[in-house]
Amino acid sequence: MVLRKRNGWRRMVPVGMIGWSLLVATGLCGCGEDEVPDPPVAQSALVGRLFDALKNGRLDEALSLTEKLQSLDSENLDLAELKLRIIANGYVLRCQAKLDAGDTAGALAIIREGCKLYPMHSGLRVLDEELTRLNELHEAAQSLGRAKSAAELSAVLERIAPLSAAYPEAKLLQQDIIRRRGEFRQLQNAPRGKPAAEVVGPVRP
């Protein structure tokens, strides 16, 4: 999976063409009549339609065609892998839409749904880890405006410290939090004003 930035935050883009070399390597067009119930010509037509669907990003159609090809060759492991790639790319597209809308938590929820349904897909697990870190940064940025004490900001700094090496944004956020924490400490250490003098009424005889 590839990442690109938008407005200072990294975001995912779907992988490019899915499975071109994979389809060529499977030998889908070379299956004999003894291996599949339908004529090879029909299978070749399905492969051609699948190429076109993948090229133009029609994932639902590509998934349907892959499943039809699987019905012709149920033991083809490459088709099973391609189906998983198409499904995973669908999750990436939905996740991208959430990120474009600024909903990091929503994007993370989508990827975690995919990880739950397809726990063995390494690409989804990588995205889950990436989005978890991005969501931590997003929450840390929000806490900068909500914090009411230097102690709160110190806790935020500790949480995002491991991210500073991987994300330039994390370093900038650290600087903002440290500056804000310093302002809190200055307020806490500032000398307090003297209490107002007690008002004494007139002395009566």
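1. Gly-145 is a useful place to start reading this predicted model, because at 71% relative accessibility the residue counts as exposed. Gly-145 belongs to helix H6, and its C-alpha atom lies 9.6 Å from that of Ile-177, although the two residues are 32 places apart in sequence.

2. A second residue of helix H6, Asn-135, gives the opposite reading, because with a relative accessible area of 11% Asn-135 is buried. If neighbours within four places in sequence are set aside, the residues in contact with Asn-135 are Thr-104, Ala-105 and Leu-108.

3. Before going further into helix H6, it helps to have the whole chain in view. The secondary structure consists of eight helices and two strands, and when the sequence is followed from its start the order is β-β-α-α-α-α-α-α-α-α, so to speak a pair of strands and then the helices. Of the 205 residues in the chain, 36% count as buried. Among contacts between residues at least 6 apart in sequence, 55% join residues that are at least 24 apart.

4. Helix H4, which covers residues 77-100, and helix H6, which covers residues 122-146, have axes that come within 11 Å of each other and cross at roughly 15°. An angle under 35 degrees counts as roughly parallel, and H4 and H6 are therefore roughly parallel to each other. The crossing in which H4 passes H6 is left-handed. On the H4 side the contact is made by Ala-88, Tyr-91, Val-92, Cys-95 and Leu-99, while H6 contributes Leu-124, Leu-127 and Leu-131. Sorted by class, this contact between H4 and H6 contains eight nonpolar residues, no polar residues and no charged residues.

5. Helix H6 also packs against helix H8, at an angle of about 25° and with the two axes 10 Å apart. By the cut-off already used, under 35 degrees, H6 and H8 are therefore roughly parallel to each other, and H6 passes H8 in a left-handed crossing. The residues that make this contact are Leu-137, Ala-140, Ala-141 and Leu-144 from H6, together with Ala-170, Leu-173, Asp-176, Ile-177 and Arg-180 from H8. By class, the contact of H6 with H8 divides into seven nonpolar, no polar and two charged residues.

6. Which residues touch the most other members of the largest nonpolar core? In this core of 29 residues, they are Ile-111, Leu-131, Leu-137, Ile-160 and Ile-177. At least two residues of the core are supplied by each of H4, helix H5 (104-117), H6, helix H7 (150-160) and helix H8 (168-189). Two of the residues just named can also be found in the helix contacts described above, since Leu-131 takes part in the contact of H4 with H6 and Ile-177 takes part in the contact of H6 with H8.

7. Ile-111 deserves a separate look. When residues up to four places away in sequence are not counted, Ile-111 touches Tyr-91, Cys-95, Leu-124, Leu-127, Asp-128 and Leu-131. Among these partners, Tyr-91 and Cys-95 are on the H4 side of the contact with H6, and Leu-124, Leu-127 and Leu-131 are on the H6 side.

8. Finally, the core described above is not the whole account of nonpolar packing, as a second, separate core of 13 residues is also present, and its members include Leu-46, Ala-53, Ala-62 and Leu-69.

Key. Residues are numbered from 1 along each chain as its sequence is written. This is a predicted model: local features need pLDDT of at least 70, side-chain atom pairs count only at pLDDT 80 or more; totals for chains, interfaces and linings use all residues. Side-chain values use heavy atoms; hydrogens and water are left out. Axes are lines fitted to C-alpha atoms, for helices over the stretch in contact, and angles run from 0 to 180 degrees between N-to-C directions. Helices (H or I, at least four residues) and strands (E, at least two) are DSSP runs, numbered from the N terminus. Angles under 35 degrees count as roughly parallel, over 145 as roughly antiparallel, 65 to 115 as roughly perpendicular and the rest as oblique. A crossing is left-handed if the near helix is turned anticlockwise from the far one by less than a right angle, and right-handed if clockwise. Contact means heavy atoms within 4.5 Å. Ala, Val, Leu, Ile, Met, Phe, Trp, Tyr, Cys and Pro count as nonpolar, Asp, Glu, Lys and Arg as charged, and the others, Gly among them, as polar. A nonpolar core is a set of buried Ala, Val, Leu, Ile, Met, Phe, Trp, Tyr and Cys residues joined through side-chain atoms within 4.5 Å. Buried means under 20% relative accessible area, exposed over 50%, partly exposed in between (1.4 Å probe, protein chains only).
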